[in-house]
Amino acid sequence: MFEDETVDVGCPRCGHLNTIQVREFEVGAEAHFVCEGCKTGVKVEGREFHERLARLRQEVEDLEREAAREPRGKPRRPRKGDFQI
Ligand SMILES: [Zn+2]
């Protein structure tokens, strides 16, 4: 699911946020990309990246939990198709 996700990685040199595809990273591996801002090659440690990703997933989970909580507050109107007698 997360393979097509992207993460913004800030350039250590100019601070430009580069959008990196998650699938380019592997745990324990180093990844390299060229900063769009200053064209410098930036190295990202897979470990650091995955810590970032873990935080991102946590945020998504929190959002999903929030979204799941919402319908409970409102009365659910049953649709016609839900009942078959
Ligand atoms: Zn840069």
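These legends describe close-up views of a predicted model.

**View 1. The zinc ion and its four cysteine donors.** The protein donors of the zinc ion are C11, C14, C35 and C38, each through its SG atom. These donors lie 2.3 Å from the metal. The site is tetrahedral, and the angles among the 4 donor atoms run from 104 to 113 degrees. For four tetrahedral donors the ideal angle is 109.5 degrees. Along the chain, the donors of the zinc ion follow the spacing C-x2-C-x20-C-x2-C. The structure holds 0 disulfides.

**View 2. C14 and C35, a donor pair that links distant parts of the chain.** C14 sits in the loop between β1 (6–10) and β2 (17–21). C35 sits in the loop between β3 (30–34) and β4 (41–45). The two residues are 21 residues apart. C14 has 42% relative accessibility and therefore counts as partly exposed. C35 counts as buried because its relative accessibility is 1%, and buried means under 20%. Another of the donors, C11, has a relative accessible area of 5%, so C11 is buried.

**View 3. The largest nonpolar core.** This core holds 13 residues. V7, V9, F25, F33, V42, V44 and F49 are the members that touch the most other members. The elements that give two or more residues to the core are the strands β1, β3 and β4 and the helix α1 (46–73).

**View 4. V42 and its contacts beyond the neighbouring sequence.** With neighbours within four places in sequence left aside, V42 is in contact with C11, P12, A31, H32, F33 and C35. Of these contacts, C11 and C35 are zinc donors, and F33 belongs to the largest nonpolar core, as does V42. V42 thus touches residues of the metal site while being a member of the core shown in View 3.

**View 5. E5, in the segment before β1.** E5 counts as partly exposed because its relative accessibility is 33%. With neighbours within four places in sequence left aside, E5 is in contact with I20, Q21 and V22. E5 and L53 are 48 residues apart along the chain, and their C-alpha atoms are separated by 9.8 Å.

Notes. Residues are numbered from 1 along each chain as its sequence is written. This is a predicted model: local features need pLDDT of at least 70, side-chain atom pairs count only at pLDDT 80 or more; totals for chains, interfaces and linings use all residues. Side-chain values use heavy atoms; hydrogens and water are left out. Donors are N, O and S atoms within 2.8 Å of the metal (3.2 Å for Na, K and Ca); water is not among the atoms, so sites may look incomplete. Four donors count as tetrahedral if all angles lie between 85 and 135 degrees; four count as square planar and six as octahedral if opposite donors are over 155 degrees apart and all others between 65 and 115; anything else is irregular. Helices (H or I, at least four residues) and strands (E, at least two) are DSSP runs, numbered from the N terminus. Buried means under 20% relative accessible area, exposed over 50%, partly exposed in between (1.4 Å probe, protein chains only). A disulfide is a pair of cysteine sulfur atoms within 2.5 Å. A nonpolar core is a set of buried Ala, Val, Leu, Ile, Met, Phe, Trp, Tyr and Cys residues joined through side-chain atoms within 4.5 Å. Contact means heavy atoms within 4.5 Å.
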